[in-house]
Amino acid sequence: MNHTRIKYLLDGPLAELPAELPAFVARLKEDRDAVVLAHYYVPPAVQDLADYVGDSFYLAKLAKTLPQSTIVLAGVEFMGESAKLLNPQKTVLLPEPAADCPMAHMVSRRTIDAARERFGDDLAIACYVNSTVEVKSWCDVCVTSSNAVKICSELPQSNILFIPDRNLGRYVASQVPEKNIILNPGFCPRHEVIALDELIDIKEAHPDALVLAHPECTAEVLAEADYIGSTSGIIEYAATSSASKFIIVTVRGVLHELKRRTAGQNKEFFFTKTPPTCINMDMVTVDKLVSCLITGSGEVEIQLDDEARTRAALTLDRMLEYAAR
Ligand code: 13P
Ligand code: SF4
């Protein structure tokens, strides 16, 4: 099938995706020596075309181990940047370069400088991986939602400035009370708006359901949770639990993997009345994945400024080291 026909077919509704598409994408990947990594929040049709699907930590860790010369990151910008930071010699492509994460920018240099001045050597700056390369370059170590508690508890310093997410930072503080965790006012606009009253309503409708929540949610929402964890953690918990009903308190994209992992188990998943969606992740569509595999360069290719890159890469390397301990 030629490129023009694929483009024509992809302009139609997703339900009409051509049956030949997976084989066509596989050929494009082979021609380009490319591997496709997708986050659980991107549209299901994109997840289905990926070689690997996972949470931010899994994707970053995995990116360092793959033999292909090109990595296509179906996710938001910071995920592609992390893959490039960890693999500077490889080509890293982002199907939709405009798919950014608003939280990645929610911290100012002044906050960093003020904390360093106040606490001196007894301060570590822990940076949620949902951050720009420049922000990472100001920090000491990166963390993700699946390893933030472990890494913060193992850092030798007693004061930790946690940026940019105040909700994940607050959750870490509750789990690591021996550390003085200083919060920054950043947040995920998709998790922050999950409404407590909608959660209470769905809990009342399904009193036997377990509540599984992502730590980017507010403290009042997390207080209602039976389990708090990253997207992978939530999926793993639901797949291995003996319970059969779950209220999922994170972006709805995880439903695809939840259904796949629990096929045949008769499990039910519920969301709040306004199911959380991430408009940034939704921008990563099948047609953009295909055209990025076809073009392979230009605006879809991640290029990083040298100076910030070296410092930012160190924070990710430190994360991998701490996580492996
Ligand atoms: P995890 O992939 O760490 O679960 O984080 C969710 C998220 O918001 C990614 O942008
Ligand atoms: Fe950013 Fe939130 Fe979307 Fe994740 S879900 S990419 S933190 S806006």
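This report walks through two ligand sites, one sheet and two backbone details of a predicted model.

## Ligand 1 and its polar contacts

Let's start with ligand 1, which has 14 residues around it. Those that come nearest are His-39, Ser-56, Ser-145, Glu-216 and Thr-231. If you sort the shell by class, you will find seven polar residues, five nonpolar ones and two charged ones.

Three polar contacts are worth pulling up in your viewer. In the side chain of His-39, an N or O atom is 2.6 Å from an oxygen atom of ligand 1. Ser-145 also takes part through its side chain, with a polar atom that lies 2.6 Å from an oxygen atom of the ligand. Thr-231 uses its backbone instead: a polar atom there is 2.8 Å from an oxygen atom of ligand 1. As for cover, ligand 1 on its own has 300 Å² of accessible area, and the protein covers 96% of this. The ligand sits in the largest cavity.

## Ligand 2 and its shell

Which residues are closest to ligand 2? Of the 13 that surround the ligand, the closest are Cys-101, Asn-130, Cys-188, Glu-216 and Cys-278. Glu-216 may look familiar, as this residue is also listed among those that come nearest to ligand 1.

The class count for this shell reads 10 nonpolar, two charged and one polar. Ligand 2 takes up space in the largest cavity, and that is also where ligand 1 sits.

## A four-stranded parallel sheet

Next comes an open sheet of four strands, paired in parallel and ordered β10-β9-β11-β12. Why do β10 and β12 each have one side without a neighbour in the sheet? Both stand at the edges, β10 at 227–228 and β12 at 268–270, and each has a single partner strand, so one side is left free of a neighbour.

Inside the sheet, strand β9 (residues 210–213) runs parallel to strand β11 (residues 245–249), and four bridges join them. If you would like to trace the register, Val-211 has Ile-247 of β11 as its bridge partner, while Leu-212 is matched with Ile-248 in β11. Strand β9 also pairs with β10, again in the parallel sense, over two bridges. There, Ala-213 stands opposite Ile-228 of β10. As general background, strands of a sheet pair through backbone hydrogen bonds, in either a parallel or an antiparallel sense.

## Two backbone details to check

Where does the chain have a cis peptide bond? Look at the step from Ile-163 to Pro-164, where omega is near -20°. Pro-164 belongs to the loop that links β7 (159–163) and α9 (166–175).

The other detail concerns Asp-33, a residue other than glycine with a positive phi, near 50°. Asp-33 is placed in the loop between α2 (21–32) and β1 (34–39). If you check backbone torsions before setting up a calculation, these are two places to look: the cis bond before Pro-164 and the positive phi of Asp-33.

Terms used:
Residues are numbered from 1 along each chain as its sequence is written. Chains are lettered from A and ligands numbered from 1 in the order in which they are written. This is a predicted model: local features need pLDDT of at least 70, side-chain atom pairs count only at pLDDT 80 or more; totals for chains, interfaces and linings use all residues. Side-chain values use heavy atoms; hydrogens and water are left out. A residue is near a molecule or strand if one of its heavy atoms lies within 4 Å of it. A polar contact is a pair of N or O atoms within 3.5 Å; within protein, one must be able to donate a hydrogen and the other to accept it, and residues adjacent in sequence count only if both atoms are side-chain atoms. Accessible areas come from the Shrake-Rupley method with a 1.4 Å probe; for residues, only the protein chains shown count as cover. On a 1 Å grid over the protein atoms alone, a cavity is a set of points where a 1.4 Å probe fits but cannot get out, and a pocket is an open set with protein on both sides within 12 Å along at least five of seven lines; lining residues have an atom within 4 Å of a point. A molecule sits in a cavity or pocket if more than half of its atoms lie within 2 Å of its grid points. Ala, Val, Leu, Ile, Met, Phe, Trp, Tyr, Cys and Pro count as nonpolar, Asp, Glu, Lys and Arg as charged, and the others, Gly among them, as polar. Two strands pair if DSSP finds at least two bridges between them.
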